[in-house]
Amino acid sequence: MNRTPAVISGVVLVFALAWLGVAMYSYMTLGYLAPVEDKTSGSTLPPALSGLADAGQRVYAAEGCAYCHTQQVRPAAISGDIEKKLGSRRTVARDFLYQQPAAFGYLRIGPDLSNYGLRARDEAEVHRLLYQTGSAMPSYRSLYILRSISGQQSAEALEGLRGSYAPPAGYEVVPTPDARALAAYLLSLKRDYPLPEAPLEKTK
Amino acid sequence: MNEVSPRSAMQDGRWPRGWTDPLPRLLLWCSASASTWLVAGTVLLIIAGVQVVNPAFLAGVSFLTFGRLVPMGINALVYGWGSLVALAVILYLLSRLGGVTIASARLAYCAIGAWNLALLLGLCAIAAGGGNGLLLLELPPFASVTILLAYVAMAIWGYALFRGRRIPGTFASSWYLVAGMLCFPWLVVTGNVLLVWLPIPGPAQAPVAAWFAGGMMNLWLAPVSLAVIFYIVPQVLGRRLAAYNLSLLGFWSFMLFAAWCGLGRMVGGPVPAWMASVGFVSSFLMIIPVLIAGVNVFGVLKGTSEWTLPLRHAAAGIGAFAGTYLLAAILAVPPVAGIFNFTDIAVAVGLLGLGGFVTLSLGGLIQFILPQFEHRDPLAEKLGSWHLWLTVIGVGSAAVCLVLGGILQGFAQSDPGIVFSHSVDYVMPFRFLALLGFLIFLAGAACLFLRVHRALARYLITPP
């Protein structure tokens, strides 16, 4: 270890091994995953994102949703995620096929969103959740516009806002394009179909 | 290029008083900007923490929402505080361990300036909604390119110092420094190219992102922090570390497992099964280098009565090092990860690592060199000692609260009978207490900030 090359070449070797194993292996194998054919509908799985949902995942990334919300349902063998009905199967790499960046998430300060689209009732509910402060989630009021009603109330105006969030008389709250895109993305999160590497699992 | 310093530290065991050596000043300037980032990053994270406890706090201010504050705070701490000090520490320690110094630090000062400016603008970009949700990769390309170029400008000197060393042989400390120096650019280029500049398809991103975020700690900040500990302890005590071969084993086992253990966060996640297994095994085997480092350092510390401030820093730093990696090892065990991987326990691991291990070790070296700028200033010594104790108490209490809260949170979130909002109610008291710990940590950071800036002001007003 007294010679320079021993330390340097050793470290380079150790790092290169991990680099090849993680970065290059992921790129060469997972990077080439393709959608699989869905026999029942004739389309492919996972379903492609709509244009609006595709824009929405960029809002999801920029607002840092992934720091509080995971999109990972883990296998029943090691976790209670499936028993807890977060999803009907584990999340696998292919689920992120149309995600850019992949929002796999780091913490569950908020609930897992892998299948939020299956739980949410409608778009209005998503907007209400984003606009009003919930039990732990801050308000994303900056994604909405409070404006005076000119003529007729907009069809997009948020309904059923509570307390201080309710607009004063003669005003309405409407989503910005960013908010609409984010809601479309959140509603697109439905992983209720099996994939070859992840068949649907039964709950106990 | 490599002048021999007039009186090498290793020859007479004292700091050279000669002002021909630009490195202490470089470290002082670096510490000044880095301690500012430490305070700024902690403030940002505390605001984010208040929002977790009370979501209505600053509601509606787009650039101060949780999802933007967290990346801003973490980037400020990692790129502003940890990395900036680490760079100066690499140059300073390689010079001291090699008995050489650099002729001019002009390039290094330009690099620090560019680094600070790039980071500031990068954080503004995140605040403006330019983040991408990938931990430690949120900085926009202009900022990460500038940071890389600034790194190269500094690392050239680091390599020159290492190659041109006059003291024969290498020390445990210099292995870790060289390792950190090699891994940082490789990691940053890989992470940014594959995930930000020319992003690879989504399915391949999760393992690379987890490995990158872990690597910034395990392969960059952790080796440099260990180098500081392995430098301070023998230097203060005038004794060698325990067995050379043991240090060698410690170093190579550390590098081998640290290179993979970022994957330990992906146990059960959307990655191939072998990656999750390697992540778990390497995270678990990190216990080996932790034990070796502990035996090595406490073997030397045992029975000593010279508890100077830097030595206390080193001892606390090695304790936090052990705490970080032991907790991370437990968290990566598959059945444990299944329950606790996404809970506040993961936050505790990050806090112990960045706030405890890195801050205490690097802060130890800063406090080691500051006295030469201060001319026996009693207030400065008090500030230094407050920094140490407030950091230890703050990080310790916050970590305990986060772990206890995380245990409740993990069980509540795996119980099908408990709805999610109730699991939030259970952890709230613990999060509130952890926030108090963060405030204590902030007070400690402010003490370091004051001490460094007082020394800098004194140096600027009355240069020796």
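Me: A residue is called buried when its relative accessible area is under 20%, and exposed when it is over 50%. Are Trp175(B) and Phe251(B) buried or exposed?

Reply: The model is a predicted one. In it, Trp175(B) and Phe251(B) are both buried.

Me: How should one read a pair of aromatic rings, and how many aromatic pairs does the structure hold over all chains?

Reply: In general, such a pair is described by the distance between the ring centres and the angle between the ring planes. Over all chains, this structure holds 26 aromatic pairs. One of them joins Tyr25(A) and Trp274(B): the centres are 5.0 Å apart and the planes stand at 80 degrees, so the pair is edge-to-face. It crosses between chains, from helix 1 (residues 4-29) of chain A, which holds Tyr25(A), to helix 9 (residues 273-285) of chain B, which holds Trp274(B). Tyr25(A) is partly exposed, with a relative accessible area of 32%; for Trp274(B), also partly exposed, the value is 31%.

Me: What are the centre distance and plane angle for Trp175(B) and Phe251(B)?

Reply: Their ring centres lie 5.7 Å apart with the planes at 55 degrees, so this pair is tilted. Trp175(B) belongs to helix 6 (residues 172-197) of chain B and Phe251(B) to helix 8 (residues 244-258) of chain B, so the pair ties together parts 76 residues apart in sequence. Both rings also belong to one aromatic cluster, whose members include Tyr176(B), Phe230(B), Trp252(B) and Phe321(B).

Me: Which charged residues lie over the rings of Phe96(A) and Phe162(B)?

Reply: The idea is to look for a charged end placed above the face of a ring. In chain A, Arg191(A) lies over the face of Phe96(A), 5.5 Å from the ring centre. In chain B, the charged end of Arg165(B) sits over Phe162(B), at 4.5 Å from the centre of that ring.

Me: How many helices and strands does chain A have, and in what order do they run?

Reply: Chain A has five helices and four strands. Read from the N terminus, their order is α-β-β-α-α-α-β-β-α. The radius of gyration of the chain is 22 Å, well over the 17 Å from the globule rule for 204 residues, so chain A is more spread out than a compact globule. Along the principal axes, its C-alpha atoms fill a box of roughly 80 × 50 × 30 Å. Buried residues account for 53% of the 204 in the chain.

Me: Where does the predictor place its highest and lowest confidence among the elements of chain A?

Reply: Confidence is read through pLDDT, which runs from 0 to 100. The mean for chain A is 91, and 97% of its residues reach 70 or more. Among its elements, helix 5 (residues 177-187) has the highest mean, 96, and strand 2 (residues 44-45) the lowest, 90.

Me: Why is helix 5 of chain A described as largely enclosed?

Reply: Eight of its eleven residues are buried, so the rest of the structure largely encloses this helix. Among the buried ones are Ala179(A), Leu182(A), Tyr185(A) and Leu187(A). Their cover includes helix 2 (51-62), helix 4 (123-131) and strand 3 (144-148) of chain A.

Me: What lies in the segment after helix 5 of chain A?

Reply: Pro199(A) is found there. Leaving out residues up to four places away in sequence, Pro199(A) touches Arg89(A) and Pro194(A). From C-alpha to C-alpha, Pro199(A) and Ser88(A) are 8.8 Å apart in space, although 111 residues separate them in sequence.

Technical notes. Residues numbered from 1 in each chain as written. Chains lettered and ligands numbered in written order. Predicted model: local features only at pLDDT ≥ 70, side-chain atom pairs only at ≥ 80, totals over all residues. Heavy atoms only, no water. Phe/Tyr/Trp six-rings, centres within 6.5 Å; stacked < 30°, edge-to-face > 60°. Helix = DSSP H or I, 4+ residues; strand = E, 2+ residues; numbered from the N terminus. Buried < 20%, exposed > 50% of the residue type's maximum accessible area, 1.4 Å probe, protein only. Lys NZ or Arg CZ within 6 Å of the ring centre and 35° of its normal. Rg over C-alpha atoms; globule rule 2.2 N^0.38 Å. Contact = heavy atoms within 4.5 Å.
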